[in-house]
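Hello! Here are a few notes to read alongside the structure. Keep the 3D view open and look for each element as you reach its point.

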Amino acid sequence: MNSSTRLKGFKDDTWINGIGDFFCRNGGNQWGVNLSIYPSKESSKDAITLSNAPILIRKRIINPTKNYYLRGVEKSHTISSTSDWLVDVISNCPARERPLPKEAKQLCFVFQLSDGITAYLPQFELARALFFHYGYLARSSVVHDLLNNEYIVESDKENQKAFVTVLDTFSGNWEQFNDFSFRRMLAWLLLDVEARHSFNSIAQYQLNHGYTQGQYRRWNFRFDPPDLQGVTLDMRGNLDVDSRTMLIYEISSVKNIAANIPESVDFFSTRFFTQTHGQGSGVGRDTERPASHSIDDIEDSSRENKPVMLSANATVFEFIKAVETSKISERQKSAGRGRQDDSEPNKASRDVSTEEQGPEGSLPSAEWDNLDDQTDDLHLYLNKFASYFEMLKLLEENHDCKITPYPLRKLPAIGKCKKHIMETDGNPRCMSVTHVAVSNNGYYMLEVDTSDASKALSTRLIRASAIGNIEPYLYEIEKHLMKASLSWSKKYLDKLVGENNHSWVPHQKSRRLGALISVEVELWASRVFSAIT
């Protein structure tokens, strides 16, 4: 965790030493997880709700007041298959630092690393790294047949497309479908046969192996992993040299995942809408976010707010092949112009709930987002720059310019600004960087995708001789662009390269929305050429 997110009921600097069994009050639907922690909670038992599974990692700190070094030895392992993995209880692992009664019966996968070390990987930790990046998926995992109850999937294998209808029974937060990483993860769970079976096996084991004890149903976590052939896990844990065994604390990255699903997946719901601009009488204001949030995992969350997105100890996730996902809708909703909407609060609440949204929920909704999707997917967004790239081609062919393109870049999420995400489809907003040389002049051209008509933004020109290699400065340029809500920061660029060494070229006006005809592209190229000579 980080110091800006706190869990109510836990003392400062609480160590997670072990993760125990699951429990749910008879007739209830909120599952908890018993913990071995130090120091103990201020009141009630040492436990937490399943919605907070994304942060349940051994030897991590709850409510830290300072930075801590990560405990354990790091190992990387490429899986040949999970079919030959053994299963054992954690109490039989020689690499345990000390006996912890609460987790003694928890199950581990046991397998050999390439250096001969025998790894004991707690099954819950593998499920967390594969599936529990969001509170919604963690909560949902123990509910029988949830995927069938919340989604209808139609697949067109011949055209490599799939269509997912999100039903009104969906129990997560609808705002999550604006996140391309969430959509890609969900597409994998819904459409990949092995991933779906693995996720569904969690609820099946809960039904078949859970038991009643007094007022509670209890269960030791168990699931069937996907085959994961060729997947690389980066892990950290406690190594016992004498027994040559290792207890895995944390999987920090899951890479090289083969997703057997169509190339394109569309998500649809009657509740989705497309944002439009320039209509209506009011606009929303940026709600001031407090310096930290306090999570209450007892109260249900309210349906009245967009979720506060929380992140801590994110797991790197990387598919071999990127899947293109889109959120499509039939409705439009105006963002409005003019006066502000006074019904929106000036300041977000410090107290939030990560539990399911409900009609009686009294606290603002919050959701974990602990997925660091590093899949190489930039090629999916190149078509957004089609007219721009055609203009660059004309600079080369008609004006003897030398064009050197850089890899496309996703704009970062900075502060409260949401402009790093396209408003039309929820995909990343990207920036193209190109070096253009003609005669003795060299310029860097920065072009941002505004195909969602979010905001008019001219192409930025920066004299190459004033900056040299631009790559070390690109993140700061992007950060200032986001802080200014998708506007170039003249003040920052003046300071970086001098006020006479950067300029702008407005976009060519088009007769058709979203596209330029050939004559218009030629005019654009001519205007850019005039600006750099």
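1. Start with a sheet. In this predicted model, three strands form an open sheet in the order β1-β19-β25, and their pairing is parallel. Which strands stand at the edges? They are β1 (5-7) and β25 (351-352); each has a single partner strand, so one side of each lacks a neighbour in the sheet.

2. Now zoom in on one pair from that sheet. Strand β19 covers residues 293-295, runs parallel to β1 and is joined to β1 by three bridges. To find the pairing on your screen, look for R6, which stands opposite S294 in β19.

3. Next, move along the chain to two helices. Helix α7 spans residues 474-483 and helix α8 spans residues 490-497. Their axes lie 10 Å apart, and the two helices pack at an angle of about 160°. Why are they described as roughly antiparallel? Angles over 145 degrees count as roughly antiparallel, and α7 and α8 therefore fit that description.

4. Which residues make this helix contact? From α7 come E476, I477 and H480, while α8 supplies Y492, L493 and L496. Sorted by class, the contact of α7 with α8 has four nonpolar residues, one polar and one charged.

5. Stay with α8 and ask which of its residues are buried. These are Y492, L493 and V497. Seen down the axis of α8, the buried residues fall within an arc of 100°, so they line one face of the helix. Their packing partners are α7 and two strands, β32 (459-463) and β33 (502-505).

6. Turn α8 around for the other view. Are K491 and K495 buried or exposed? Both are exposed, and they sit on the face of α8 turned away from its buried side. Have a look just past the helix, too: right after α8, G498 takes a positive phi of about 95°.

7. Finally, step back to the whole protein chain. How many helices and strands does its secondary structure contain? There are nine helices and 33 strands. Of the 533 residues in the chain, 52% are buried. Among contacts with a separation of 6 or more, 73% are between residues 24 or more positions apart.

How values were computed: Residues are numbered from 1 along each chain as its sequence is written. This is a predicted model: local features need pLDDT of at least 70, side-chain atom pairs count only at pLDDT 80 or more; totals for chains, interfaces and linings use all residues. Side-chain values use heavy atoms; hydrogens and water are left out. Axes are lines fitted to C-alpha atoms, for helices over the stretch in contact, and angles run from 0 to 180 degrees between N-to-C directions. Helices (H or I, at least four residues) and strands (E, at least two) are DSSP runs, numbered from the N terminus. Angles under 35 degrees count as roughly parallel, over 145 as roughly antiparallel, 65 to 115 as roughly perpendicular and the rest as oblique. Contact means heavy atoms within 4.5 Å. Ala, Val, Leu, Ile, Met, Phe, Trp, Tyr, Cys and Pro count as nonpolar, Asp, Glu, Lys and Arg as charged, and the others, Gly among them, as polar. Two strands pair if DSSP finds at least two bridges between them. Buried means under 20% relative accessible area, exposed over 50%, partly exposed in between (1.4 Å probe, protein chains only). The arc is that of the directions from the helix axis to the C-beta atoms.
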